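Please look through the structure shown here, starting with how its parts meet and moving on to pairs of charged side chains.

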Amino acid sequence: MRPTIRDIASAANVSIGTVSRALKKQPGLTEQTRIHVQKIASQLGYNESNLRQGKIRRLTFLLHRQHNNFVASPFFSHVLHGVETACRERSIVPTVLSVGPADSVMEQIRLHEPDALAVAGFMEPEVLELLTQTGKPVVLIDLWAPGFRSINSDNLGGALAATRHLIEIGRKRLAFISGPLSHYSIAQRALGYRQALFEAGRLFDPRLEVTLLPGPELHLHAATAMQTLLESDSPPDAVFCYNDATALAVMSICQMRGLRIPEDIAIVGFDNIDAAASSSPPLTTLAVDKEALGKLGIKLLLEDALVQPEVMLPVELIQRASTLGN
C-alpha cells in the first residue's frame, strides 16, 4: 500500500500538520525537523507528487451505502450533480465512493488517490475520525460534525415552517414520521417539529412521533408506521414526514384506506424532489436547493476554513394541495 501523510507522521513521531508543512517546504519548522520528516518520507517510499503543490486535482465524493439508491432516494443524486458541476468548472476530477461501516475505508480512499474529500449525508463518527487522519481537506455536505467545515440546509427552520403551517390551517393532532435520528439533518427536523409544538402551546405526544429504523427500504417502514398511527385510538389529522419519499408512501397508505387528502388528513414532506409536484394531490414540502449544496460544498472546500467553516442554505415552504386542497 502507498504510504500516507499519516504513516509518515506516525513513523516520524510528529503531527500530520508538521509532515504536511515539511513536505510542502512551508515555514514554521526547524530545519532539523524538516530534514527528519523528509528522510522518513523517503524511507517509506512516499511520492511527493501526491501533494500536487497544494492544488486539488482529484476529489472523492463519499456516500454511505444506505444513501446510494438514487432511484428510491434521489436527494443525493442532485447533490452529486452539483459537486460534478463545481469540479468541472475548476478542472477537478471527481470520483464516487460508496462505503459502509464494515469496509476498509482507508484502503478504498488510497485506491482513489484523492487530494480532497467531500462527505455527503450520514457517516459514522469513527469513519469521520479516520478521514481526519488522512491529512486531506474534507467538507461535509448535509452533515455536521465538530471540527469540520460543513454546508447544510436550514433543516430546523424548515421543520418549524412545516409544523407551523399545519397548526395554522387548524390541525390538532400532528404526527411526525422521522428517519434515523443519528442523521444530523433528520435530528434537526425532529427538533424543529417539537419546537413548533412548544411555541404553539401544544403538549408533545410521543405516540404521534415515529422513528423509522435504518435500512434500505425506509418507505416500506413508513407505510407500516402510518398504518399503526391510523389504527390508534386517536389517529392524526396531519403528518409531517422527514422527507418526500416517506410522505409519498404515507399518502398512498392514507388513500388506500379511503382517507381524503387534505380534508381528512394533511401531509407535508421535505426536500421537494421531482415526484412531490406530480403526486396526486401534489405534496406540500420544503424546497431544498440540492445542487447548490453540492456546488457550494466544493467552493467551501477550496476556501480558507477559518474564514467560513460552516454554511447554511435557506429552505422554502412550497404549499400545495396535500395541505390546502384544490
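Across the interface of domain 1 and domain 2 of this predicted model, the search finds 1 salt bridge. The partners are D7 and R110, whose side chains come together with N and O 3.5 Å apart. A salt bridge is counted when a side-chain nitrogen of Lys or Arg is within 4 Å of a carboxyl oxygen of Asp or Glu, so the 3.5 Å between D7 and R110 qualifies. On the side of domain 1 that touches domain 2, helix α1, residues 5-12, gives the most, with 3 residues. Sorted by class, that side of domain 1 holds 3 charged, 2 nonpolar and 1 polar residues. As for residue pairs in polar contact, the count across the interface of domain 1 and domain 2 is 0, with both residues required to have pLDDT 80 or more.

To place this interface, consider how the chain is divided. The domain assignment gives domain 1 as residues 5-52, domain 2 as 58-152 + 291-313, and domain 3 as 155-288 + 316-324. In the contact between domain 1 and domain 2, 6 residues come from domain 1 and 10 residues from domain 2. The two domains bury about 540 Å² between them, and 39% of that area is on carbon and sulfur atoms.

The salt bridge at the interface can now be set beside others. How many salt bridges does a search of the whole structure find? The search gives 10.

One of the salt bridges pairs R34 with E31, and their closest N and O atoms are 3.7 Å apart. Both residues belong to helix α3, residues 31-44, where they sit 3 residues apart, about one turn of the helix. Is R34 buried or exposed? R34 counts as buried because its relative accessibility is 12%, and buried means under 20%. E31, in contrast, is exposed, with a relative accessible area of 52%, since exposed means over 50%.

Another salt bridge joins R194 and E209, with the closest N and O atoms 2.8 Å apart. R194 lies in helix α8 (residues 184-199) and E209 in strand β7 (residues 209-211), so this pair ties together parts that are 15 residues apart in sequence. R194 counts as partly exposed at 36% relative accessibility, while E209 is buried, with a relative accessible area of 12%.

The pair R257 and E231 forms a salt bridge whose closest N and O atoms are 3.4 Å apart. This pair links distant parts of the chain, 26 residues apart: R257 is in the loop between α10 and β9 (266-268), and E231 is in the loop between α9 (218-230) and β8 (238-241). R257, at 40% relative accessibility, counts as partly exposed, whereas E231 is exposed, with a relative accessible area of 53%.

Salt bridges can also involve more than a pair, and R173, D205 and R207 are linked in a network of them.

The last stop is T246, a residue in helix α10 (residues 244-256). T246 is buried because its relative accessible area is 2%, which is under 20%. Which side chain makes a polar contact with the side chain of T246? The partner is N243, at 2.8 Å. Leaving aside residues up to four places away in sequence, T246 touches I177, A222 and C241.

Definitions and conventions
Residues are numbered from 1 along each chain as its sequence is written. This is a predicted model: local features need pLDDT of at least 70, side-chain atom pairs count only at pLDDT 80 or more; totals for chains, interfaces and linings use all residues. Side-chain values use heavy atoms; hydrogens and water are left out. Domain bounds come from an automatic or database domain assignment. Contact means heavy atoms within 4.5 Å. Buried area is the accessible area (1.4 Å probe) that two parts lose on being put together, summed over both. A polar contact is a pair of N or O atoms within 3.5 Å; within protein, one must be able to donate a hydrogen and the other to accept it, and residues adjacent in sequence count only if both atoms are side-chain atoms. Helices (H or I, at least four residues) and strands (E, at least two) are DSSP runs, numbered from the N terminus. Ala, Val, Leu, Ile, Met, Phe, Trp, Tyr, Cys and Pro count as nonpolar, Asp, Glu, Lys and Arg as charged, and the others, Gly among them, as polar. Buried means under 20% relative accessible area, exposed over 50%, partly exposed in between (1.4 Å probe, protein chains only).
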